[in-house]
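Here are a few exercises to work through with the model open beside you. Try each task before reading its solution.

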8 protein chains.
Amino acid sequence: MADDDIAELDLDRGARRGYPEAIYCEGKSVDQVAAIAERIARRPDVTTIFTRADEAKAAAVLAVLPDAFHDPVARALVWPPRMPAPSGESVLIACAGTSDLPVAREALVTARHLGRRAELVVDVGIAGLHRTLAKLDAFRAAGVIVVVAGMDGALPGLIAGLVSCPVIAVPTSVGYGAAFSGLAPLLTMLNACAPGVGVVNIDNGYGAGHLAAQIAAPRG
Amino acid sequence: MADDDIAELDLDRGARRGYPEAIYCEGKSVDQVAAIAERIARRPDVTTIFTRADEAKAAAVLAVLPDAFHDPVARALVWPPRMPAPSGESVLIACAGTSDLPVAREALVTARHLGRRAELVVDVGIAGLHRTLAKLDAFRAAGVIVVVAGMDGALPGLIAGLVSCPVIAVPTSVGYGAAFSGLAPLLTMLNACAPGVGVVNIDNGYGAGHLAAQIAAPRG
Amino acid sequence: MADDDIAELDLDRGARRGYPEAIYCEGKSVDQVAAIAERIARRPDVTTIFTRADEAKAAAVLAVLPDAFHDPVARALVWPPRMPAPSGESVLIACAGTSDLPVAREALVTARHLGRRAELVVDVGIAGLHRTLAKLDAFRAAGVIVVVAGMDGALPGLIAGLVSCPVIAVPTSVGYGAAFSGLAPLLTMLNACAPGVGVVNIDNGYGAGHLAAQIAAPRG
Amino acid sequence: MADDDIAELDLDRGARRGYPEAIYCEGKSVDQVAAIAERIARRPDVTTIFTRADEAKAAAVLAVLPDAFHDPVARALVWPPRMPAPSGESVLIACAGTSDLPVAREALVTARHLGRRAELVVDVGIAGLHRTLAKLDAFRAAGVIVVVAGMDGALPGLIAGLVSCPVIAVPTSVGYGAAFSGLAPLLTMLNACAPGVGVVNIDNGYGAGHLAAQIAAPRG
Amino acid sequence: MADDDIAELDLDRGARRGYPEAIYCEGKSVDQVAAIAERIARRPDVTTIFTRADEAKAAAVLAVLPDAFHDPVARALVWPPRMPAPSGESVLIACAGTSDLPVAREALVTARHLGRRAELVVDVGIAGLHRTLAKLDAFRAAGVIVVVAGMDGALPGLIAGLVSCPVIAVPTSVGYGAAFSGLAPLLTMLNACAPGVGVVNIDNGYGAGHLAAQIAAPRG
Amino acid sequence: MADDDIAELDLDRGARRGYPEAIYCEGKSVDQVAAIAERIARRPDVTTIFTRADEAKAAAVLAVLPDAFHDPVARALVWPPRMPAPSGESVLIACAGTSDLPVAREALVTARHLGRRAELVVDVGIAGLHRTLAKLDAFRAAGVIVVVAGMDGALPGLIAGLVSCPVIAVPTSVGYGAAFSGLAPLLTMLNACAPGVGVVNIDNGYGAGHLAAQIAAPRG
Amino acid sequence: MADDDIAELDLDRGARRGYPEAIYCEGKSVDQVAAIAERIARRPDVTTIFTRADEAKAAAVLAVLPDAFHDPVARALVWPPRMPAPSGESVLIACAGTSDLPVAREALVTARHLGRRAELVVDVGIAGLHRTLAKLDAFRAAGVIVVVAGMDGALPGLIAGLVSCPVIAVPTSVGYGAAFSGLAPLLTMLNACAPGVGVVNIDNGYGAGHLAAQIAAPRG
Amino acid sequence: MADDDIAELDLDRGARRGYPEAIYCEGKSVDQVAAIAERIARRPDVTTIFTRADEAKAAAVLAVLPDAFHDPVARALVWPPRMPAPSGESVLIACAGTSDLPVAREALVTARHLGRRAELVVDVGIAGLHRTLAKLDAFRAAGVIVVVAGMDGALPGLIAGLVSCPVIAVPTSVGYGAAFSGLAPLLTMLNACAPGVGVVNIDNGYGAGHLAAQIAAPRG
């Protein structure tokens, strides 16, 4: 196939219309991340999200793109630092607390930069049921809910049984022993008794935020 | 939240507004399924889906509810046999072929009885890329796509890279050896390179159809 | 300890004082079970529980011990068929429904024949939270709670967060796909966010009932 | 249950009556632990246990709460440093030696701060049977026994066969190779031949101590 | 080694001097087993053990070799049915009871037909410690001990701590749930705290009996 | 085969005719690698490839063999630094990007030093299908293709469905969470729907390059 | 994309030029296999291989295509029953014996119907090294070797160390216990010490034969 | 056994007659190891082996017991540094090379300090069959062989097929990817086609040397 022949096939662009590019930093060296930032600096027309950028890699990005938006808890950067005006349904992100925050905030940053109104509620959890139920109105007002949970991973199934909107479940590697680095909550979420739960990879806040933004996208 | 505030909580009804009940038949005896059907016969106001009903269990249901809708390939029955008028976005279900059909049709029956316009396309697959690309217009016209795949489970990630709507991925236990009863496609789907994929349990056509119907539900 | 000191050791009797013997039938042939029943017929002073006795094995036991107590759902028989007068704290056993009943009833039969007041509540589950919460008073009145659950196995952790008594969690092999024959609920229960949960083997209703009876035993 | 009936539900308070709060430090940064300690300093009415606090995190807690009780081997701190007067049955904690001590002492600290009389015996183990049997009288005098073991994890089942009280088994990640970070002793304990064993997560000394304290709690 | 030197190599014969051949029947059809028996009938100079021969396959062997020794519990046949005069050290085989008998007897038949004095003791087990300790003299008199155990698999490690001879540990698939078809006892045995334990494959009574016979072989 | 016949066997030399020796550095200390390099310095007649040599080990090799060929990205060194004149069919190596480069380049270095014409194409991937299809002519011109992929590992199966030459698939440990250090792409590749895929170990670029060179070797 | 647009993209045909289609029968009902055979009967221009066809499914195929080639041991049928004249290099298939024969013969049938000269040698195995070495000349004369092995799966690595041609390794589910349905030989083969081994799925004789035929294909 | 009969039981001493004590250092801190060394310094009548002592821990032991025997490659120390006069059969230890040396030497040190004549042969391996066969005479002269192997772990089965003495197989964590930290060679060894192989834990050179010394012990 000559390259010319693909002209009519729009295999790529359409898929991402309006959605940012993403650079996953974890498998790359600081130098490689810096080199990628240089290349990106030449494309201000495309929004790019850097994910899993630890302190050193974030610094490397900021050295090249000093005005980039940076959320250190989420380990995420966005450049150019423009946030689209929110449209579509609202996205609610829920997690139990401090340890799940990096993943939850990665979902938050992603959903917002894909153009959704997104909020984060912390301190819900199956072991403190009254705190979760106190948020019931907020859960029911959302267009889609992202639930981030480690350890037993029971929260998404509980919430899915209480609402009618879709729930995106994100298992995290928070926990120890028989949590097996996120395997336990992953299995729990896949086996949730209530229907309406779609699961993403362990610690994949970016994927959850992206999927939530697609679900909540404005309709033609 | 003061304890008094819980009085207004509606913990159950709202969650299922308009959605059918489901009876999972696999872990139950024929007699138990029959007994449940008797009880359901007294509630014609609620739509009930019987899932994973093999021939003997389907016969037991039909003995009690002779007018129930029955899709033997999907191993599903619905009673009362009314299909809601379709509303919301359309649901497209895709699978590779004969072996994945029971799961794919279970998703189809579910989505339709939750009130969505839903179609099934068979004979797409990563090993015959031209057949998949030939369906690209249909994929791009859908509001949500359910992709059912066993063996390597690569199809959902491929499709998610070509469209902008959400993709629900259903791994199946089709395959042998290192497919490990669906573990291989499950892992593949959780690791899909393209964002926008939410995964449900192995062979869970019902859950996929339900989640797709929720995503594609009409908006207030 | 000098070696001479071992003379006083009572290595066996004390451990089982007042507790029945158990015969696990699953790994044995019908003939072997019958032969064991013959031997037991000569020891009416000891109470024996036959567990995991399918129809054929139960018939073999009843042929030898026709007055044995038989709970076919629990797949359990007890001979001599005497139930001790209940003492100690009460045991509450909870499960979600039809499919978990064999395991839950095995726990019930065991706890009662070890001398506890024991009740079974069915139809609680995390996907129908209001039904679970409706039983809250009963949960809080119990001395120990046995929670039997398959699929996501989230129920024991939820209940442990609501009560102050110990919770014994029994994962079941009910479920399919990524439930991996009980592995998923087993991991969920081991990772329960609320403390106060002790876990037994998958489908081990006998062990759960036994442990519950020990916990609830009257105190000297 | 009519929805109105929930008004009386006390979903949280009752569950923890008299039991301390716990802060799991492992998934949190030193800064986050310090911030939590600040918040806790304002609630001297609640006892709080900090678990899995390494040297740096313990120092951070002590900087804020200098009078906190600190057991460095257990990696645990308690504030306010008051120990309740012991009530209920006694708790015996057993482990094989040096490597299991952190987990065993975490159970000890927890049981004591939940109000139980608790003792720790070290240097028992299945490979030195005479040392274990020399402790038989102590085992039989306990109201509940916590057995902490890595490698083959055979000790809890051995002890459960010798006593009539409940045994809480804690697998540890001590070992190498086919111990698979605690998986081997976890499986051993779940399959213990003697009934009467409840298992908690790998290395979960806190959970074991908590469950033991609940089992041994004084009865109304 | 120069290539010329290989001329003297005797790659096969020496390895098996005096030891029988073995036919593993499980992966073969009844017809294939019969055909193999025909071939073996022409080699009365070699002793052959048929292992894992269920009723139908045993009948097929006996149709061809009617005088073969047959132990139906062990599912083993030997032809010609000659037992060598015992030499070397004695082999003791121990198991807990009925369910482990097929594997234990397979080890017994094998050790005896490799020329060792071999005995089987049943009804030892870690849950009934006094029964095991009652056999201590017999254990200490053996040249090598084969311990067959399912479920928690703790018995070989216990015995190895009490004797000075080698212990061969055979995990069995007896058990359920988290025994995972023999994985649990396999891991337990590999992690035995006492040194002196060599492990063979799950249910591999033949291999254990063979290895025991080699260890106990008379010395030049 | 009579034993005398082995005299002519050439068990080693023939197997490697013309192929370099390899030293796997990962399991060795810097000192051990240096000592091996000393020994190799005395054998300039044999080409040796050092694989998995991190910076320190590469430095140790270069201290002894300063003229060695060194590809730091591939973590490989070759000495003597001679590249054979290419013969046979051409080898094409494909990977998605930066993170897979070390493995892909290890395959490249290996194939070239075994005497093949080998090229590397980067930036193909299933999530950007148009970029992959743009390389279709190159894929179809190759004698054998090595596809290096982490995460979902779907690329080799996709390419194998588009070409008629053999495909060597190399899973990498690139990814996180449910990629389980390369297990996910390994299973995907073993279950590829299209025939024509042979899989090597996770991250085994050396093995892939070697196998590709053997497949593409000139024919007698 | 309109279907017309793909006219220039030859995504499929080229990939299979000259290679048969394959129908995997295991996941399909007898009726479905019969229906597929009907459709195939209308395409005598394409060669089709039916794999994993048990007796009933083979009968269903033969009822529609009575002249189909049928190898019952391989559980394979080919229609039209024409074998291409052999071209390219020769393929040697090796296995240890009776139990591995179905997989080995599936590879044989496949390689021959893809146009290669292919032979099968049985009764080689690592436990009888002299029998394997006796075949060394045959191994060295082959263009590619397929090695089929269950249990420890050590044979492919042994052979790869003795020859210079590529080796395709096929793990089989033959074995028991810790063979884990083929997992053990699969891992062994992926970790083979000698380079030059490509692995296919457990029991995948078809895939191995196909890949071997591609490797040995005549060169332009 | 009447309870009185236990008085004569010697549960511990006999088991270890003449065998050293062992201190496993890996799970202990440097301080704890030093404290243990202090205690041991008071018991010169007992030989003690320190295993898994890295540089810092070895230094701590040597500070207390300066004349201890120290093998840094084996990471082992023995005190008092007396080697018993060799008795019984000879022990041969074999491994492939540099990476397996620590485990092999640990076995060597152990066997020698338990009183056996023991030798180590390096540079045997299944990928260089001629080097292994060159050692055949040495293998056949041994009373017991310990084979240490990582990666595919095929060597013990190969050797067991060539000798008549028992083989102790030690899988090592040497390898990468699908070796899964020693799981692959562990499974290979458990599934060895040749009988006569007993397996110990991954990297357990101490256990292998101990078991070998027991097997080769002089007979009464």
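**Exercise 1. Charges over rings**

Task: Find which ring C:R52 lies over, and do likewise for H:R52.

Solution. Keep in mind that this is a predicted model. Start with C:R52, which lies over the face of E:Y176 at 4.2 Å from the ring centre. The cut-off for this distance is within 6 Å, so the pair passes that part of the test. Next, go to H:R52: the ring beneath is that of D:Y176, with 4.1 Å to the ring centre. While you are looking at rings, a search of the whole structure gives eight aromatic pairs over all chains.

**Exercise 2. The contact of chain E and chain H**

Task: Describe how many residues each of chain E and chain H brings to their contact, and how much area the two bury between them.

Solution. Step one is the residue count: chain E gives 40 residues and chain H gives 39 residues. Step two is the area, about 3500 Å² buried between the two chains, with 59% of it on carbon and sulfur atoms. Step three asks who supplies it on the side of chain E: E:L190, E:P195 and E:R219 account for 19% of the area that chain E buries against chain H, more than any other three residues.

Task: Work out which polar links join chain E and chain H, and which elements of chain E carry the contact.

Solution. Begin with charges: there are two salt bridges between chain E and chain H. One of the bridges pairs H:E89 with E:R219, whose closest N and O atoms are 3.8 Å apart. The cut-off is within 4 Å, so this pair counts. Then add the polar contacts, where nine residue pairs are found across the interface of chain E and chain H, both partners at pLDDT 80 or more. Now map the chain E side: α4 (129-133), α5 (136-141), α7 (183-190), β9 (197-199) and α8 (205-215) each supply at least two residues. The largest share, five residues, comes from α8(E). Finally, sort this side of chain E by class, and you get 24 nonpolar, 10 polar and six charged residues.

**Exercise 3. The contact of chain A and chain D**

Task: Apply the steps of the previous exercise to chain A and chain D: how many residues are in contact?

Solution. Count first: 11 residues of chain A are in contact with 16 residues of chain D. These chains bury about 1100 Å² between them, 61% of it on carbon and sulfur atoms. In chain A, the residues losing the most area to chain D are A:T98, A:H130 and A:Y176, together 49% of what that side buries. For charges, the count between chain A and chain D is zero salt bridges. Polar contacts come to three residue pairs, both at pLDDT 80 or more. By class, the chain A side has five nonpolar, six polar and no charged residues.

**Exercise 4. Backbone details**

Task: Is the peptide bond from F:W79 to F:P80 cis or trans, and where is C:S181 found?

Solution. Check omega: the bond from F:W79 to F:P80 is cis, with omega near -5°. F:P80 sits in the loop between β4 (76-79) and β5 (91-95) of chain F. In chain B, a cis peptide bond joins B:W79 and B:P80, with omega about -5°. For C:S181, look in the loop between β8 (167-171) and α8 (183-190) of chain C. C:S181 is not a glycine, yet has a positive phi of about 55°.

Key. Residues numbered from 1 in each chain as written. Chains lettered and ligands numbered in written order. Predicted model: local features only at pLDDT ≥ 70, side-chain atom pairs only at ≥ 80, totals over all residues. Heavy atoms only, no water. Contact = heavy atoms within 4.5 Å. Buried area = accessible area lost by both parts, 1.4 Å probe. Salt bridge = Lys/Arg side-chain N within 4 Å of Asp/Glu carboxyl O. Polar contact = N/O pair within 3.5 Å; in protein donor to acceptor, adjacent residues only side chain to side chain. Helix = DSSP H or I, 4+ residues; strand = E, 2+ residues; numbered from the N terminus. Nonpolar A, V, L, I, M, F, W, Y, C, P; charged D, E, K, R; others polar. Phe/Tyr/Trp six-rings, centres within 6.5 Å; stacked < 30°, edge-to-face > 60°. Lys NZ or Arg CZ within 6 Å of the ring centre and 35° of its normal.
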